[in-house]
Amino acid sequence: MSTMQATPQTEAAQTRKAVGNILKGSAGNLVEWYDLYVYTVFAAYFQSHFFNSKDELQAGLEAMAVFSTSFLMRPIGAWFFGRYADRKGRKAALTLSVTMMSAGSFAIAVLPTQDVIGIWAMILLVIIRVIQGFSVGGEYGTSATYMSEAATSKRRGFFSSFQYVTLIGGQMLALLVLVILQNTMDKGILTEWGWRIPFAIGGVAALVVLWLRRSMEETLSAEQVEAANAPAAAGEARPGTMKLLLTKHFKPLMICIGVTLGGTVAFYTYTNFILKFMNDTSGIAKTDTSVINFWALLIFMLLQPVYGIISDKVGRKPLLLWFGITGVLFTWPLLSALSGTKDPFTAFLLMMGGLLIVGGYTSINALVKAELFPASIRALGVGLGYAIGNSLFGGTVPLIGAALQKAGQVDLFFTYVTVAIAVSLVVYIFALKNKKSTHLDHEQGHAWEPAAASAGTGPGRKDDGKDLIDA
């Protein structure tokens, strides 16, 4: 068989292998983010059972405060799971993460209310959400690392985009469950006990994913795992440690935080807080806002691989610039118009406009971050960089938005989102270069160079990192 005939078969085999691993990895991502989002989606129905039931706005504010509290554990979860993934393997870390998330969902499904155990209901809810925040803090970095490493070199943008396909899919699934329950259950029953159903669904789904992940292939080689757990030489930092991250990869870590800042604020604004925002300001019925959110998120989810394919052609930076520039220009007008509309279709178009902007970030951000770090520190670097930016800025969006809304200063929220995007735009412009050789290129094969130029690269190739991305 000739080389020309063998090459396509080899590429086809690699693609099939990548597809199988991506599906198994992304299924867990879907369930973890469903479990995270189902809290905010159903908050309006269960908040009176755990918080101040006399004032609906105050109860909503307290519910969003608990949601934001779970983000405080994300950096700790990112540190723990990132270190674990870089030293024990991606598969082991992802399996442990989804197990913890499953336990949390089952716990909320059976948690007694304040009418039964008083203030302990709220305290236990906070503890459970903190544990889930710890879990999902590890899921993002490890999942981003796994999908980037499992992808074929020429289609990294396409394959890695499935992290946000499943992340968005998790929220969409939560919305679908909400729509179904709203249309099949009486509002009183849904408020009384029906809200427990979606948490039970999440717990069961996580157990299914736990079974699927047993057959995932590990992307960290046995040699890399052995090296990570071997005693470090004098003066050298071990793989997967904070010492290695802070001494040799501090600049990429700061870039990772900067890349995340504006994107995570915009993402949580248009996909998470926006449901409560429309319910409180637009005058559109709750059943209609749920449907609007579902269809907008469905289209948004399906567009992620399209953005990923575009990045495989033109590079990652142009998409980030699209997000940054259009986000700065149109965030204020879009949100301002959305707060005053009473027409469901107009609200859908406005939300969709915001999501088309955010897609430039969501589709490729995981890959951009993974490309900043070598395999020995990738899960920790990506996870911790994302978690810090996400906890400080993305996770506080519902709380800041609800507080400013309650104070009658919603315009300040629009400004906050715009400024956050502007800060990241500066990072995109000055800290990133387009189509430049990255750590992933040197380990897994080059995305931009011809196949012949990739000769000699791979997991065993020694890199000094000097010719890699401007980090």
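A residue counts as buried when its relative accessible area is under 20%, as exposed when that area is over 50%, and as partly exposed in between, using a 1.4 Å probe and protein chains only. The structure is a predicted model, with local features needing pLDDT of at least 70, side-chain atom pairs counting only at pLDDT 80 or more, and totals for chains, interfaces and linings using all residues. Residues are numbered from 1 along each chain as its sequence is written, and side-chain values use heavy atoms, with hydrogens and water left out.

Start with the whole protein. It has 22 helices and zero strands; both are DSSP runs numbered from the N terminus, helices being H or I over at least four residues and strands E over at least two. Of its 471 residues, 55% count as buried. The accessible surface comes to about 18300 Å², and carbon and sulfur atoms hold 67% of that. Such areas come from the Shrake-Rupley method with a 1.4 Å probe, and for residues only the protein chains shown count as cover. As for contacts (heavy atoms within 4.5 Å), take those with a separation of 6 or more: residues 24 or more positions apart account for 84% of them.

Next comes helix α9, residues 162-184. The expected span of a helix is 1.5 Å times one less than its number of residues. For the 23 residues of α9 that gives 33 Å, and the end C-alpha atoms sit 31 Å apart, which agrees. This helix is mostly covered, with 17 of its 23 residues buried.

One partner of α9 is α14. Their axes come within 11 Å and cross at roughly 10°. Axes here are lines fitted to C-alpha atoms, for helices over the stretch in contact, and angles run from 0 to 180 degrees between N-to-C directions. Angles under 35 degrees count as roughly parallel, over 145 as roughly antiparallel, 65 to 115 as roughly perpendicular and the rest as oblique. So α9 and α14 are roughly parallel to each other. On the α9 side, Tyr 164, Leu 167, Ile 168, Gln 171 and Leu 175 take part, meeting Phe 267, Thr 271, Asn 272 and Leu 275 of α14. Sorted by type, the residues of this contact are six nonpolar, three polar and no charged. In this sorting Ala, Val, Leu, Ile, Met, Phe, Trp, Tyr, Cys and Pro are nonpolar, Asp, Glu, Lys and Arg are charged, and the others, Gly among them, are polar.

Helix α14 (residues 250-281) also packs with α16 (residues 317-340), at an angle of about 10° and with axes 12 Å apart. This pair is therefore roughly parallel too. From α14 the contact draws on residues including Gly 262, Gly 263, Ala 266 and Tyr 270, while α16 brings in Phe 323, Thr 331, Leu 334, Leu 335, Leu 338 and Ser 339. The count for the contact of α14 with α16 is nine nonpolar, six polar and no charged.

Leu 334, a member of helix α16, deserves a closer look. It is buried, with a relative accessible area of 16%. Leaving aside residues up to four places away in sequence, Leu 334 touches Tyr 270, Leu 350, Gly 353, Gly 354 and Ile 357. Leu 334 and Gly 353 are 19 residues apart in sequence, and their C-alpha atoms are 7.6 Å apart in space.

Helix α4 (residues 74-88) is another one to check for length. Its 15 residues should span 21 Å, and its end C-alpha atoms are 20 Å apart, which agrees. Among its buried residues are Arg 74, Phe 81, Asp 86 and Arg 87. Just after α4, Gly 89 has a positive phi of about 120°.

Arg 87 turns up again alongside Pro 239: the two are 152 residues apart in sequence, yet 6.9 Å apart in space, C-alpha to C-alpha. Pro 239 lies in the loop between α12 (222-229) and α13 (242-248), and at 19% relative accessibility it counts as buried.

Val 208, in helix α11 (residues 196-212), is partly exposed at 46% relative accessible area. Its C-alpha atom is separated by 9.4 Å from that of Ala 27, 181 residues away along the chain.

Finally, there is a backbone oddity. Most residues other than glycine have a negative phi. Lys 435, though, has a positive phi near 55°. This residue lies in the loop between α21 (410-431) and α22 (439-444), and Lys 435 is partly exposed, with a relative accessible area of 42%.
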